Structures are given as C-alpha cells and as structure tokens.
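Work through the exercises below with the structure open. Try each task before reading its solution.

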Amino acid sequence: MRAVRRTVVQAHSSTCLPNIQHLWSQIQSSGEQGLSTQVWQTLTHWSPQRTNTPKCLPALQAPTMEPGSVENLSIVYQSRDFLVVNKHWDVRIDSKMWRETLTLQKQLRHRFPELADPDTYYGFRFCHQLDFSTSGALCVALNKAAAGSAYKCFKERRVTKAYLALVRGYIQESRMTISYAIGRNSTEGRAHTMCIEGTQGCENPKPSLTELVVLEHGLYAGDPVSKVLLQPLTGRTHQLRVHCSALSHPIVGDLTYGQASGREDQPFRMMLHALYLRIPTEAECVEACTPDPFVPTLDACWSPHTLVQPLDQLVQVLRTAHDPKPTEGGPGPCSPSMCLPGPGRPPPPSVSPTETEAQRASCLQWLSEWTLELDN
C-alpha cells in the first residue's frame with residue numbers, strides 16, 4: 001500500500017472527500033488489485049494521513065502531476081549501450097516483493113521487452129540507485145560491457161550528479177557545504193534509517209559531504225520554503241535527506257526525516273528530484289538533464305517569489321565541467337572533480353590531488369553502498 005499512501009485528490013469536479021474516503025475503504029477491503037480503472041482515475045493521490053486540502057488550492061483542485069503507471073516511462077537518453085530514464089516519484093527500481101505492482105523494471109520490460117537481458121534477475125542492469133520517493137535521472141546499462149564501463153566511472157569517482165529539492169524554511173546562505181558524518185540508526189523503531197554523528201543510536205558514521213546552492217525562496221501551500229540544488233560529493237544512503245534534515249531544513253514531503261508535526265503528510269510527494277547525471281565512459285559520455293518538476297505550472301502549491309541563483313547557469317557549469325581522466329589519479333572521496341559555484345564563488349581549480357590508499361578504500365566502500373544496495 002505504500003504507493004497509495006502518498007495521495008491527493010485529482011481535479012475532478014464530481015469528486016468530494018466522502019467519496020474518496022469510500023474508495024479508500026475499497027482499497028482496505030479488496031486490495032490494490034481489486035480496484036477498477038475508474039477507481040484509480042478518481043483515487044490517484046489521497047490517504048487518511050493527508051485529509052486536509054492543500055491551503056494553496058480550492059477544495060476540489062490539486063496538483064496536476066500524474067501518478068506512476070506502466071505506460072508513462074520517460075526516456076531522456078538512449079544509445080546502443082545505455083538508457084537514462086526519468087524515474088517517477090514513489091516507484092521502486094526493482095523489488096522481489098509480490099505486492100509491488102509497479103516498478104521501474106516492469107516499466108522497462110513493458111516498453112523495451114527486446115532489451116531485457118535473460119542473464120540478469122531483473123532483466124536490466126541499473127548502474128546506481130534512487131530512493132523509492134525520489135524522481136529523476138537513473139542510468140540503465142543494456143549489456144555487461146556497458147555496465148562494467150559505468151562501474152569503472154563510479155569507482156574512479158568521475159560521475160557527476162545533481163538534485164533539485166524544496167526544503168522547509170528560508171536558507172539564508174546562498175551556498176554551503178554540509179559535512180555531517182552519516183551512520184545507521186539503531187534506535188528502536190527507526191530501523192533502515194540513517195542519522196548524523198553524535199545523535200543517539202548512530203552507528204558507524206562515515207564522512208559525508210553535500211554541496212548546496214539556493215535557487216529560490218517562496219511558499220509551498222503557504223509555508224516558507226527554499227528551492228535548492230544539491231550535489232552529493234559522497235554517496236551515503238539517504239545522504240541528501242539526512243543532511244537537509246540536520247540543517248533544520250528538511251525536504252518537503254519527507255515522511256521519514258521531515259518535521260514531526262504531521263505537516264509532511266500534506267504534499268503529494270517528497271520534493272527531491274535527480275536533475276542531472278553524467279557518466280563519462282571511455283566509449284561515450286552518458287549525459288542527461290531531466291525537466292525541473294518544481295515549477296508552479298506543475299504544482300500550484302509552489303509559489304516562488306525571490307530568485308537567488310538561476311538554475312540554467314548552474315546546469316551550464318555542470319555541463320562544461322572538466323572530467324578527470326583515469327591517468328590523472330581521481331580525487332579523494334571528499335574532493336570531487338567539480339563543485340557547484342555559488343554567487344561570488346569561482347569554480348575550483350581542475351588539478352586533482354593524489355589519491356591515498358585510505359581514500360581508495362573509502363571510495364570502494366562508498367561505491368558498494370551507492371551501487372549495490374537494493375530497495376533503499
């Protein structure tokens with residue numbers, strides 16, 4: 001039922017809250033498989049946890065973004081060896097659980113049945129992972145050789161990734177580097193979550209770095225929020241979500257690391273999106289930039305009022321950044337090949353420091369966390 005839990009009412013003039021509550025009862029009694037197409041068209045994004053109508057909308061209106069389906073798979077890059085998809089929010093990459101009726105793997109099999117590899121369990125080789133709630137760019141290797149070349153880029157830390165997010169409150173600094181070490185949370189009731197070093201129950205914290213640049217300030221459903229660009233310089237599980245929460249600026253709609261007051265139940269999704277991805281393999285440079293989903297035309301709850309840094313300028317910096325060659329001795333895990341510049345901050349020099357054995361060991365640990373964990 002996880003795919004149903006994040007829900008808001010679609011803009012149907014004939015729909016009212018009692019009808020939606022009745023439909024939710026149908027789900028509980030018959031399960032997702034028993035719902036008709038008409039029911040799913042009416043009940044797309046509502047749940048008992050999200051009973052309040054968003055303050056930004058009239059009672060019978062809601063955001064226009066469609067829920068995920070087998071058919072609506074968006075491809076942003078395609079070659080003989082790779083696909084980059086724009087993963088939908090609240091969709092798992094793959095799963096062995098019978099109750100997962102929709103996964104990215106199933107979308108790919110539906111769209112490209114001829115590309116499925118019978119030698120793999122899921123049919124497709126995912127080069128990295130995105131959380132269930134996160135949307136955006138995700139690379140798929142179409143053969144073993146391509147997967148190996150992408151793996152090499154991750155191993156040598158030559159992959160560039162950048163995310164968009166809406167976070168609670170107004171961040172005053174135009175840019176910052178977040179450096180809280182992140183470990184697993186052993187607190188009872190918080191299994192499978194992460195935490196920062198120094199909090200109770202934080203086990204085995206590891207160095208973690210995130211670059212943050214503020215793009216806009218505005219209101220989401222009447223509450224102050226900041227739109228930010230995030231670049232993970234390490235690859236810890238849930239890193240961006242944990243780092244934003246540690247700043248007291250949690251990501252809007254994050255039910256795990258967001259505010260405890262219940263207000264994160266209101267947004268129809270978690271506002272974290274993988275905007276940009278570049279994997280410079282030896283045969284080709286896999287590069288994709290997905291559309292920005294956090295714009296008023298797609299979500300009327302989002303109302304920006306102050307521009308801090310234009311997004312297109314930062315995307316251009318990402319596109320033109322230098323890709324270090326394997327012979328240059330890639331940077332250490334805390335020294336990426338490219339950091340996002342903020343207002344008044346020049347780009348860093350392109351000279352890469354020599355990698356130590358400790359940094360290499362740290363990189364291999366990071367790589368195993370980023371590329372091999374399933375169902376984060």
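Two strands pair if DSSP finds at least two bridges between them; strands (E, at least two residues) and helices (H or I, at least four) are DSSP runs, numbered from the N terminus. This is a predicted model, in which local features need pLDDT of at least 70, side-chain atom pairs count only at pLDDT 80 or more, and totals for chains, interfaces and linings use all residues. Residues are numbered from 1 along each chain as its sequence is written, and side-chain values use heavy atoms, with hydrogens and water left out.

**Exercise 1.** Find the order of the strands in the open sheet that contains E7.

Solution. Start with strand E7 (residues 182-185), which pairs with E8 in the antiparallel sense over three bridges. One residue to look up is Ile182, whose bridge partner in E8 is Ile196. The full order is E8-E7-E9, with antiparallel pairing. Strands E8 (194-196) and E9 (202-206) are the edges, each pairing on one side only. From one strand to the next the twist averages 35 degrees, where axes are lines fitted to C-alpha atoms (for helices over the stretch in contact) and angles run from 0 to 180 degrees between N-to-C directions.

**Exercise 2.** Identify the residues with the most contacts inside the largest nonpolar core.

Solution. Such a core is a set of buried Ala, Val, Leu, Ile, Met, Phe, Trp, Tyr and Cys residues joined through side-chain atoms within 4.5 Å. Buried means under 20% relative accessible area, exposed over 50%, and partly exposed in between (1.4 Å probe, protein chains only). The largest core has 52 residues, and Leu108, Tyr220 and Leu230 have the most contacts inside it. Strand E5 (residues 160-168) gives the most to this core, with six residues. Another core, of 16 residues, lies apart from it and includes Cys127 and Leu277.

**Exercise 3.** Explain why Cys139 forms no bond with Cys127.

Solution. A disulfide is a pair of cysteine sulfur atoms within 2.5 Å. The closest cysteine sulfur to that of Cys139 is in Cys127, and at 3.8 Å it is too far for a bond. Cys139 itself is buried, with a relative accessible area of 0%. By this rule the count is zero disulfides.

**Exercise 4.** Which residues of helix H7 are buried, and which are exposed on the other side?

Solution. In H7 (residues 311-320), the buried residues include Leu311, Leu314, Val315 and Leu318. These lie on the same side of H7 because they cover an arc of only 100 degrees around the axis, taken from the directions from the helix axis to the C-beta atoms. On the other side, Asp312 and Thr320 are exposed.
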